[in-house]
Amino acid sequence: MAVKKKKRGRKKYAKSAARKKHAKHAVTKKRAVPELRDIFIENRAFKTLITSAIEVYNRETNGVMLGSNTMKEIKGGKARVVSIKEVYPFQTEERKPSEVVHGNVAAFRRVLRTISSFESEIVGGYHSHPHPYKYVRLSKADVESISEDIDAMAEAGQERVKKGWIEVLLSIKRKDYARAKGREWYICDYIKRLRCHVRTRAKVGYDILLSAYWVYPKPNPSGKPAKKTEFAIKEVGVYVPWNLD
Ligand SMILES: [Zn+2]
């Protein structure tokens with residue numbers, strides 16, 4: 001049987017009349033802005049993110065992030081963050097240099113249902129923008145596909161992301177060097193973003209700029225029913241175990 005392919009940012013999920021009615025009722029209430037916490041990426045999750053972006057270079061990687069709200073000691077004070085404990089890179093996607101699509105929708109849904117069976121909570125997703133990229137930011141198509149993924153995840157029992165989704169963007173560029181050097185890796189700390197450099201061969205390395213964004217339903221103070229959920233984007237800080245002080 002031919003597998004129906006989902007183009008990221010295109011497919012619409014059918015809504016039943018009952019769900020539409022419910023949605024109409026819901027938008028008449030004032031929608032609160034979620035608490036837009038910075039994120040803390042745990043050691044192993046961070047290494048999986050970086051490795052998955054380098055693996056498929058110069059195509060886009062993507063996957064889901066699992067985690068929970070927690071407190072962390074950051075730069076001398078306690079901070080409320082979302083801790084990213086695990087990441088799962090999708091294996092069945094169609095990857096291109098400037099696009100990634102759900103190559104097998106049934107497989108994508110199986111991943112979501114399995115995560116729900118394990119009682120793990122999805123807090124958002126990630127994907128890469130391989131060089132050449134013009135800007136470090138989410139595109140309109142990124143937000144559309146996130147909106148569709150939120151619906152698919154809610155159907156699979158993942159409710160948290162409906163209030164707000166965290167997307168990590170990995171802007172990745174391969175570097176070729178004239179001078180050979182041993183393997184190494186390090187992190188540079190910018191104000192909100194981080195740059196991770198990994199030297200994988202004597203003359204080859206990768207620079208990966210990590211940035212994180214909340215994508216959440218825009219507050220609706222008018223209370224008028226909206227046809228479609230509009231999303232707001234807010235960049236937040238990224239912390240890893242190596243830049244806490
Ligand atoms: Zn993108």
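Here are a few notes on strand β10 and its neighbours in this predicted model.

1. Some background to begin with. The protein has 245 residues, and 31% of them count as buried. Its secondary structure comes to 4 helices and 12 strands. Among contacts with a separation of 6 or more, 73% are between residues 24 or more positions apart.

2. Now to β10 itself, which covers residues 204-217. I'd call this strand mostly covered, since the count gives 11 buried residues out of its 14. For the cut-off, buried here takes 20 or more other C-beta atoms within 10 Å of a residue's own.

3. Have a look at β7, residues 165-176, alongside β10. These two strands are antiparallel and share 12 bridges. If you want a place to check the register, try Lys173, whose bridge partner in β10 is Asp207.

4. Then there's β9, residues 194-201, which also pairs with β10 in the antiparallel sense, over 7 bridges. The link from β9 to β10 is a hairpin through 2 residues. Arg199 and Gly205 of β10 stand opposite each other in this pairing.

5. What does β10 do with β11, residues 231-236? The two run antiparallel and are joined by 6 bridges. Here the pair to find is Tyr216, opposite Ala232 in β11.

6. One thing to keep in mind when viewing the strands: side chains in a regular strand alternate between the two faces of the sheet. For β10, the burial count to set beside that is 11 of 14 residues.

Technical notes:
Residues numbered from 1 in each chain as written. Predicted model: local features only at pLDDT ≥ 70, side-chain atom pairs only at ≥ 80, totals over all residues. Buried ≥ 20, exposed ≤ 12 C-beta atoms within 10 Å, placed from the backbone. Pairing = 2+ DSSP bridges. Contact = placed C-beta atoms within 7 Å.
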